[in-house]
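The following note sets out points for a colleague's consideration. It takes up salt bridges, strand pairing and pockets in turn.

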Amino acid sequence: MSYAFVNGQFMASDYATIGIQDMAIQRGYGIFDFFKVMKGMPVFLEDHLARFYGSAAELRLNISVSKDDLVGYIHELISRNNWQEAGIRITLTGGYAPDGYSVYEPNLIMAGQPIQLPTEVSETGLKLLSHEHIRQLPKVKSIDYLMAVWMQDKVKAAGADELIYHQNGWISECPRANVFIVTADGTLATPREGALFGITRKKVLELAGKLFKAEERPVHLSELETATEAFVTSTTKIVHPIFEVDGKQIGEGLTGPVTRKLFEAYDKLLPA
């Protein structure tokens with residue numbers, strides 16, 4: 001039996017529920033964060049909770065427990081489920097607003113499942129389909145993935161793996177990952193505007209600053225034509241190469257040396 005957490009209570013996952021009047025269901029109003037557990041310990045938890053509390057503040061959602069108490073609940077959830085390698089999602093919903101439209105007292109939910117993260121950089125790159133879109137309040141990790149889900153039929157029909165969002169050609173992100181390119185002169189660049197700042201993105205930028213020239217700046221789709229490499233970063237994909245965008249090959253269409261080196265450097269930050 002697996003356990004979940006709802007508003008201060010641990011219960012069997014099959015019985016962990018919230019009511020249908022919650023603003024997350026009625027209006028799609030809520031936030032979440034997702035982090036990995038390795039060797040029974042949450043990874044980069046302080047970074048994830050800083051973003052979680054920041055997202056909550058932006059949406060005016062009150063988190064009823066202190067950060068220290070929440071950390072304690074997270075460790076208890078890991079212990080109750082005997083998780084060694086897992087992913088945990090924390091969700092904060094809009095709550096049961098009497099008028100179905102106002103910010104109210106949120107519901108705090110935690111659940112997870114065992115996952116196995118890659119231990120080596122992928123030799124199979126992603127194929128992305130560009131789409132003009134920007135998420136609402138991009139600095140907030142909201143539960144709104146309407147466009148990404150709605151576009152899945154088109155993504156599959158194009159033989160792609162995922163979307164890459166842009167505005168007038170200016171790249172922001174993928175729905176569940178940040179985007180990096182390596183320019184012809186070896187500079188690493190990642191978009192800043194319109195992107196949710198991922199925790200893996202943050203760590204990779206810190207690592208890249210010690211190894212390469214790295215920039216946060218506007219990145220245009222046209223730059224992919226001369227880029228030598230491109231990759232995405234996320235909690236589950238870590239550092240994963242991009243081989244094609246809109247059917248056009250990037251560089252040699254192989255996992256490049258910068259992608260490989262950053263994956264290896266990031267891997268050293270994780271519990272051994």
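1. The side chains of Arg 260 and Glu 123 form a salt bridge, with an N to O distance of 2.8 Å. Arg 260 belongs to helix H7 (residues 257–267) and Glu 123 to the loop between strand E6 (108–114) and strand E7 (126–132), so this contact ties together parts that are 137 residues apart in sequence. With a relative accessible area of 28%, Arg 260 is partly exposed. The model is a predicted one, and the distances here should be read accordingly.

2. In the whole structure, 13 salt bridges are found. One of them joins Lys 203 to Asp 47, where the closest N and O atoms are 3.0 Å apart. Because Lys 203 lies in helix H6 and Asp 47 in helix H2, the pair ties together parts that are 156 residues apart in sequence. Both Lys 203 and Asp 47 are buried.

3. Glu 162 and Arg 176 also meet through their side chains in a salt bridge, at 3.0 Å from N to O. Glu 162 is in strand E8 (residues 162–167), while Arg 176 is in the loop between strand E9 (170–171) and strand E10 (178–182), so the parts tied together are 14 residues apart in sequence. The two partners fall on opposite sides of the burial cut-offs, which are under 20% for buried and over 50% for exposed. Glu 162, at 9% relative accessible area, is therefore buried, and Arg 176, at 59%, is therefore exposed.

4. A network of salt bridges links Lys 213, Glu 215, Arg 217 and Glu 223.

5. Strand E13 deserves separate comment. Six of its six residues are buried, so E13 is largely enclosed by the rest of the structure. Cover is present on both faces: Glu 229, Phe 231 and Thr 233 are buried on one side, and Ala 230, Val 232 and Ser 234 on the other.

6. E13 has antiparallel pairings with E10, over five bridges, and with strand E14 (residues 238–245), over four bridges. In the pairing with E10, Glu 229 of E13 stands opposite Val 182. Towards E14, Thr 233 has Val 239 as its bridge partner. The connection from E13 to E14 is a hairpin of three residues.

7. The largest pocket encloses about 600 Å³ of space. Its lining comprises 26 residues, and those nearest the centre are Arg 176, Ala 177, Ser 234, Thr 235 and Thr 236. Arg 176 thus appears here as well as in the salt bridge with Glu 162. Strand E3 (30–38), helix H6 (199–211) and E13 (229–234) each contribute at least two lining residues; E13 gives the largest share, at three residues. By class, the lining consists of 10 nonpolar, seven polar and nine charged residues.

8. What volume does the second largest pocket hold? About 230 Å³ of space lies within this second largest pocket. Its lining has 13 residues, with Asp 47, Ala 50, Arg 51, Phe 197 and Ile 199 the closest to its centre. Helix H2 (45–58) and H6 are the elements that give two or more residues to this lining, and H2 supplies the largest share, five residues. The classes represented are four nonpolar, three polar and six charged residues. Asp 47, listed among the residues closest to the centre, is also the salt-bridge partner of Lys 203.

Technical notes
Residues are numbered from 1 along each chain as its sequence is written. This is a predicted model: local features need pLDDT of at least 70, side-chain atom pairs count only at pLDDT 80 or more; totals for chains, interfaces and linings use all residues. Side-chain values use heavy atoms; hydrogens and water are left out. On a 1 Å grid over the protein atoms alone, a cavity is a set of points where a 1.4 Å probe fits but cannot get out, and a pocket is an open set with protein on both sides within 12 Å along at least five of seven lines; lining residues have an atom within 4 Å of a point. Grid points are joined across faces, edges and corners, and a volume is the space filled by probe spheres set on the points. Ala, Val, Leu, Ile, Met, Phe, Trp, Tyr, Cys and Pro count as nonpolar, Asp, Glu, Lys and Arg as charged, and the others, Gly among them, as polar. A salt bridge is a side-chain nitrogen of Lys or Arg within 4 Å of a carboxyl oxygen of Asp or Glu. Buried means under 20% relative accessible area, exposed over 50%, partly exposed in between (1.4 Å probe, protein chains only). Two strands pair if DSSP finds at least two bridges between them.
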